[in-house]
Amino acid sequence: MTEKDNEKDKLISTDGVSRRSFLGKTSAALAAVASLPILAAAQQQTKDLSGDTHTGVNERELGPKNPALEAQEPDSVYPPETDAGGQPPFKYPFAMAHKRIEAGGWTRQVTVRDFPLSKKMAGVEMRLISGGVRELHWHLSAEWAYMTAGSARITAVDQKGRAFVDDVKEGDLWLFPGGVPHSIQGLGEDGCQFLLVFSDGNFNEFETFLLTDWLHHTPKEVLAKNFNVPQSTFDNVPPRERFIFPTQLPRPLAEEKKQVYEANGPVPNTFAFFTDKMQPTKVTAGGSVKIVDRNNFPPTDIAAAIVTVRPGGMREMHWHPNADEWQYYVKGTARMTVFSAGGHARTMDFHPGDVGYIDQSLPHYIENIGDTDLLFLEVFPTPEYQDISLGEWLAHTPSRLVNEHIGTGEDFLAKISRTEVVIVPEK
Ligand code: MN
Ligand code: MN
């Protein structure tokens, strides 16, 4: 497609008439539409940021329709005029994922098998009832986690036999390096829910190395020989995996710490990260961000930004030069446009439980389009967080040169913040 064709694609839909100015240009059509049964309900369900009312006869939908779904996707039903080309969809809702329900809780996952764009990362949502245990297990990939509700006890053992056990609550994180065995147990009156993120798009939570599965698939005489005990010791090993199962609440944390630290002590760098003990990396009038990467959480090889955007605020236009971005929406409503080279741009809407994915170096913004705070996570399969914003790019390039490209005048360029704003407005 030539640049000229792209322009055409953006501005013109039929007969050389701008799609959005169709009514304005033909008063006859306006009169005709006014007397037609316009699909007003559908239009009221869409929140239009451009002020366009979408009453053009060319924009009517004659059906079939899915009004509930369309109401959640206003930027797909009526894309901004700046959208163009074949940018593939970059969202998958957890609400569409298969849910495995067990007596101790449930889990569901979004991997590259569900979401083709998500090549380098995958995510899992899990709920554990009070006392419910995600069975002792390990996997190849590192596991980065974010608690979304309740509290949990987490355990792990490293390659030197050093132990980790701690309790985490809503907003806290953990990181289990690849190959390190671990467990999670719901605490309190109603257990917990959390998000797991893996630096492998092909990850599969339903096929991890489980303690019960391994022992069940080992001859009993080998188990007996391994520990020099009678075979009967293993009579109660279950004939199938436990995976997620209900059991009693754990003993007091101090008691369990004391027991597991015996001989080798604790892991040198804790696998838990308590976000409420960290000051925000940046605060503006538009919101705040906490960046958690190897600089403040040494075990991690997965970097993350926890972003809060106030109503009307926006995570500014930027890209990440070093990694793909995996997103998870926790609270609020957003829209995001992803631009890619060759004039491709698409805008999609995001709701709690949605996953977003942006290939390395593709620029994007995330706008809070709701009436409440937007909380979302940016997660990267790399130890160090990096980004470049449009603002800092233009602010640190000769203003003469930038002005020759975009004709804004140099006064505008002189006023751009010299430090990265991250979330606009700055003041
Ligand atoms: Mn795991
Ligand atoms: Mn980003």
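So, where is the place of Glu135? Glu135 sits in strand β7, and I'll come back to that residue after the metals. Strands here are DSSP runs of E with at least two residues, helices are runs of H or I with at least four, and both are numbered from the N terminus.

Quick housekeeping. This is a predicted model, where local features need pLDDT of at least 70 and side-chain atom pairs count only at pLDDT 80 or more, while totals for chains, interfaces and linings use all residues. Residues are numbered from 1 along each chain as its sequence is written, chains are lettered from A and ligands numbered from 1 in the order in which they are written, and side-chain values use heavy atoms, with hydrogens and water left out.

Okay, metals. The manganese ion, ligand 1, has His137 (NE2), His139 (NE2), Glu143 (OE) and His182 (NE2) as its protein donors, at 2.0 to 2.2 Å. Donors means N, O and S atoms within 2.8 Å of the metal (3.2 Å for Na, K and Ca), and since water is not among the atoms, sites may look incomplete. Along the chain, the spacing reads H-x1-H-x3-E-x38-H. His139 is in the loop between β7 (133–138) and β8 (143–157), and His182 is in strand β11 (residues 182–186), so this pair ties together parts 43 residues apart in sequence. Both His139 and His182 are buried, that is, under 20% relative accessible area, with exposed being over 50% and partly exposed in between (1.4 Å probe, protein chains only).

Now the other manganese ion, ligand 2. His318 (NE2), His320 (NE2), Glu325 (OE) and His364 (NE2) coordinate it at 2.1 to 2.2 Å, with the spacing H-x1-H-x4-E-x38-H. Here His320, in the loop between β19 (314–319) and β20 (325–331), and His364, in strand β24 (residues 364–368), link parts of the chain 44 residues apart. His320 is buried, at 2% relative accessible area, and His364 counts as buried at 2% too.

Back to Glu135, then. What is its nearest side chain of opposite charge? That's Arg134, 5.5 Å away, and Glu135 is buried with no salt bridge. For charge, Lys and Arg are positive, Asp and Glu negative, and His and the chain ends aren't counted; a salt bridge needs a side-chain nitrogen of Lys or Arg within 4 Å of a carboxyl oxygen of Asp or Glu. A polar atom of the Glu135 side chain does lie 2.7 Å from the backbone nitrogen of Phe243. Leaving aside neighbours within four places in sequence, Glu135 is in contact (heavy atoms within 4.5 Å) with residues including Phe243 and the ligand 1 donor His182.

Technical notes: Polar contact = N/O pair within 3.5 Å; in protein donor to acceptor, adjacent residues only side chain to side chain.
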